[in-house]
Amino acid sequence: MATTTTTTSLLAYAFAVALLLGEIVSGGRRAGDGFIRLPSGDESGFIGGEPDDGSSGTRWAVLIAGSNGYWNYRHQADVCHAYQLLKKGGLKDENIVVFMYDDIAFNEENPRQGVVINSPHGSDVYAGVPKDYMGDDVTVNNFLSVILGNKTALTGGSGKVVDSGPDDHIFIYYTDHGGPGVLGMPTNPFLYADDLVETLKKKHASGTYKSLVFYLEACESGSIFEGLLPEGLNIYATTAANAEESSWGTYCPGEYPSPPPEYETCLGDLYSVAWMEDSDVHNLHTETLHQQYQLVKKRTANDNTPYGSHVMQYGDISQSSEDLFRYIGTNPANDNYTFIDDNSLRPSRKAVNQRDADLLHFWDKFRKAPEGSSRKFEAQKQFVEAMSHRMHIDESIKLIAKLLFGIDTGSEVLKKVRPAGQPLVDDWNCLRSLVRTFEAHCGSLAQYGMKHMRSLANFCNAGIETRHMTEASSQACSRVPAGPWSSLHRGFSA
Ligand SMILES: *[C@@H]1O[C@H](CO)[C@@H](O)[C@H](O)[C@H]1NC(C)=O
Ligand SMILES: *[C@@H]1O[C@H](CO)[C@@H](O)[C@H](O)[C@H]1NC(C)=O
């Protein structure tokens, strides 16, 4: 009886998603080209010589893709692209620390073995990328220790850290899945916002940088800094999304422009591709962080369609009057291409919600696989497993809220959003504890489950303690689905 109901609603859900994806696949397309380069003319405002960029220090960068799996191709592609950009900008390998799982270039699903691209007509961005922290060395502890320059705290990896001094400039770029208050990692645990901001404060207190810029792409990425990152640390941060919305993958199958037909995955992320494609072609002596923020904000909003998000800025906003050159250098080949706001030349396009990019991959794989093939069967299985994990997590959280607060109040608590300027939760250790308790009874939250972090935070804000959560979780989850998504074999998210 129960099984029949589950199967029926699972199919209904699958059908709804299939329709949604079909909608994406047949989505609106308009002709148009990418960037148009304008030769610098009299309007350039920059005439020869080195501009005074006030910079005598070294440029450092930390680049991190927080995911793995072929359906997350785009995050590692973003990071590889960022490396190529910095390298052309003049940064040295010894000053660029790269974190990526490195399971894409030679993944059996990758149609071009050993090659990674970040746009439909893009060339390889994988060659030459330093392999500093790969595979299971991509951890929260290594990431934070690299920022702090603490070599003794590292486990595995190349040992490269941000060994910066007081005159130096640091650029940090993170791209992955996230949720309210957390960022993903290919390993457990997740990176919690309080730990990240504490690390930045510690770095500041150590006097080992002049200024720092943080570019962050993830769902609900605004929640990482909202109410948490103070002014006065000489840190300027921008995020792909505000604290309450998803961020978007781009160059996905069925979009315009779409990846080459043999790619069954998204090649990039909307905010990431926006800042990188802008930086790729301009003389960055002549473009300020603020100008780039405006341009990226416009492109990422995607004409205010539902397929876009709100780029936000945090920390020392006044720092955004500095030029990009100070952080990411500039490619001498672009010396004659000054900044121009050329978003108007871009076609509008559809994009894929970060959280649905895995489903899109499984669906596209399913659609293209020959009838009756083992590949078709495998894709179907992957799709159904991902879907049943989603339903299990959604239903469990709802039920727990009802058990804790009663039917009406329960759904209010789930949806509550604190006013802007306030952090997600007051007691981060409470949040960690509720996550562990939930997972112990209901299985791993995994990438998709991160979306419920706000609900768990709201439980804490309403005074729920671990013992209440233990009781409700054990009642709500009599069993954990057997699929790989629910498995806790890689440990807890907190
Ligand atoms: C570096 O990390 C180690 C191990 O976590 C810690 O004991 C030490 O205090 C850290 N050093 C600094 C300078 O923070
Ligand atoms: C920029 O323009 C100047 C003047 O036309 C030219 O001499 C120079 O080679 C150009 N630089 C690049 C990198 O194209």
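**Exercise 1. Determine on which faces strand β7 is covered.**

Solution. Both faces of β7 are covered: S211, V213, Y215 and E217 are buried on one side, and L212, F214 and L216 are buried on the other. A residue is termed buried if 20 or more other C-beta atoms lie within 10 Å of its own, exposed if 12 or fewer, and partly exposed in between, with C-beta atoms placed from the backbone. In a regular strand, side chains alternate between the two faces of the sheet. For β7, which spans residues 211–217, the tally is 7 buried residues of 7. Strands (E, at least two residues) and helices (H or I, at least four) are DSSP runs numbered from the N terminus.

The model is a predicted one, in which local features need pLDDT of at least 70 and side-chain atom pairs count only at pLDDT 80 or more, while totals for chains, interfaces and linings use all residues. Residues are numbered from 1 along each chain as its sequence is written, and chains are lettered from A and ligands numbered from 1 in the order in which they are written.

**Exercise 2. Identify how β7 pairs with strands β3 and β8.**

Solution. Two strands pair if DSSP finds at least two bridges between them. Strand β3 (residues 169–175) runs parallel to β7 and is joined to it by 7 bridges. Within this pairing, I170 has L212 of β7 as its bridge partner. Strand β8 (residues 235–239) also pairs with β7 in the parallel sense, over 5 bridges. Here F214 stands opposite A237 of β8.

**Exercise 3. State the strand order of the open sheet that contains β9, and explain which strands stand at its edges.**

Solution. The order of this open sheet of 3 strands is β10-β9-β12, and the pairing is antiparallel. Because β10 (268–269) and β12 (352–353) each have a single partner strand, they stand at the edges, and one side of each is left without a neighbour in the sheet. Strand β9 (residues 248–250) pairs with β12 over 2 bridges in the antiparallel sense. The bridge partner of W248 in β12 is N353.

**Exercise 4. Repeat the analysis for the open sheet that contains β5.**

Solution. The 3 strands of this open sheet follow the order β4-β5-β6, with antiparallel pairing. Its edge strands, β4 (178–179) and β6 (191–192), each pair on one side only. Strand β5 (residues 182–183) runs antiparallel to β4, with 2 bridges between them. G178 has L183 of β5 as its bridge partner.

**Exercise 5. Classify the crossings of α12 with α14 and of α2 with α6.**

Solution. Axes are lines fitted to C-alpha atoms, for helices over the stretch in contact, and angles between N-to-C directions run from 0 to 180 degrees. Angles under 35 degrees count as roughly parallel, over 145 as roughly antiparallel, 65 to 115 as roughly perpendicular and the rest as oblique.

- The axes of α12 (residues 428–442) and α14 (residues 453–461) come within 9 Å and cross at roughly 120°. The two helices are therefore oblique to each other.
- The axes of α2 (residues 73–89) and α6 (residues 270–281) come within 10 Å, crossing at roughly 20°. That angle makes α2 roughly parallel to α6.

**Exercise 6. Describe the setting of I147.**

Solution. I147 belongs to helix α3 (residues 140–148). I147 is buried because 24 other C-beta atoms lie within 10 Å. Although I147 and K203 are 56 residues apart in sequence, their C-alpha atoms are 7.4 Å apart in space.
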